[in-house]
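Trainee: I have a model open and would like to go through it with you. Could we take it one piece at a time?

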Amino acid sequence: QVQLVESGGGLVQAGGSLRLSCAASGRTFSSYDMGWFRQAPGKEREFVTAISWSGGRTYYVDSVKGRFTISRDNAKNTVYLQMNSLKPEDTAVYYCAAHDPRSDRYDYWGQGTQVTVSS
């Protein structure tokens with residue numbers, strides 16, 4: 001079991017930056033691939049980025065490539081999302097999630113943190 005708590009959301013102007021953090025509980029954090037998802041009002045939740053358990057592989061949706069960076073610190077049980085050059089269309093609730101290798105699904109989710117980008 002993994003419990004996840006996001007932080008770092010807020011209101012920022014277009015072109016600004018935010019760094020989200022996701023703190024995980026549990027001794028097995030380092031064995032999970034981790035992902036960030038987001039859900040804008042009236043839209044379905046979408047994948048944003050993911051990082052492998054070791055941090056050696058990362059994946060991004062095209063719309064954030066070159067602007068967002070995912071990273072992790074397994075010693076601190078934390079995954080980060082650095083968001084630069086933010087756009088109003090990045091406005092959403094951002095969720096971190098842990099990918100359970102046994103089920104091959106993102107089975108563990110945080111409560112989400114709101115990111116609002118003003119134009």
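Mentor: Gladly, and please keep in mind that this is a predicted model. Let us begin with strand β1, residues 3–7, where the side chains alternate: L4 and E6 point to one face and are buried, while Q3, V5 and S7 point to the other face and are not buried.

Trainee: Okay, and which strand does β1 pair with, and in what sense?

Mentor: Strand β1 pairs with β3 in the antiparallel sense, and the pairing runs over five bridges. If you want one position to look at, take E6, whose bridge partner in β3 is C22.

Trainee: Switching to rings, how many aromatic pairs are there in the structure?

Mentor: The structure holds five aromatic pairs. One of them is formed by Y32 and Y108, which meet edge-to-face, with 6.0 Å from centre to centre and 85 degrees between the planes. That pair links distant parts of the chain, since Y32 lies in the loop between β3 (18–25) and β4 (33–39), whereas Y108 belongs to strand β10 (residues 105–109), and the two are 76 residues apart.

Trainee: Are those two buried or exposed?

Mentor: Y32 has a relative accessible area of 4%, so this residue is buried, and Y108, at 12% relative accessibility, counts as buried too.

Trainee: What about F37 and Y106, why is that pair called edge-to-face?

Mentor: The ring centres of F37 and Y106 are 5.0 Å apart and their planes stand at 80 degrees, so the pair is edge-to-face; the cut-off to remember is that planes over 60 degrees apart count this way. This pair also links distant parts of the chain, with F37 in strand β4 and Y106 in strand β10, 69 residues apart. F37 is buried, at a relative accessible area of 10%, while Y106 is partly exposed, at 23%.

Trainee: Which residues make up the aromatic cluster?

Mentor: One aromatic cluster is formed by F37, F47, Y106 and W109. While you are looking at W109, notice that the charged end of R45 sits over its ring, 4.4 Å from the centre. In a similar way, the charged end of R72 sits over the ring of F29, 4.6 Å from the centre of that ring.

Trainee: Charges next, then. How many salt bridges are there?

Mentor: The count comes to six salt bridges. Among them is the one between R38 and D90, whose closest N and O atoms are 3.0 Å apart. Here R38 lies in strand β4 and D90 in the loop between β8 (78–83) and β9 (92–100), so that distant parts of the chain, 52 residues apart, are linked. Both R38 and D90 are buried.

Trainee: Which other residue does D90 form a salt bridge with?

Mentor: D90 forms a salt bridge with R67 as well, and there the closest N and O atoms are 2.8 Å apart. Because D90 is in the loop between β8 and β9 and R67 is in the loop between β6 (58–60) and β7 (68–73), the pair ties together parts that are 23 residues apart in sequence. D90 counts as buried at 1% relative accessibility, and R67 is buried at 9%.

Trainee: And which residues are joined into one network?

Mentor: Salt bridges that share partners join R38, E46, R67 and D90 into one network.

Trainee: One last thing, what do R105 and D107 do?

Mentor: The side chains of R105 and D107 meet in a salt bridge, with 3.1 Å from N to O, and D107 is partly exposed, with a relative accessible area of 29%.

Key. Residues are numbered from 1 along each chain as its sequence is written. This is a predicted model: local features need pLDDT of at least 70, side-chain atom pairs count only at pLDDT 80 or more; totals for chains, interfaces and linings use all residues. Side-chain values use heavy atoms; hydrogens and water are left out. Rings of Phe, Tyr and Trp (its six-membered ring) pair if their centres lie within 6.5 Å; planes under 30 degrees apart count as stacked, over 60 as edge-to-face and the rest as tilted. Helices (H or I, at least four residues) and strands (E, at least two) are DSSP runs, numbered from the N terminus. Buried means under 20% relative accessible area, exposed over 50%, partly exposed in between (1.4 Å probe, protein chains only). A charge sits over a ring if NZ of Lys or CZ of Arg is within 6 Å of the ring centre and within 35 degrees of the ring normal. Two strands pair if DSSP finds at least two bridges between them. A salt bridge is a side-chain nitrogen of Lys or Arg within 4 Å of a carboxyl oxygen of Asp or Glu.
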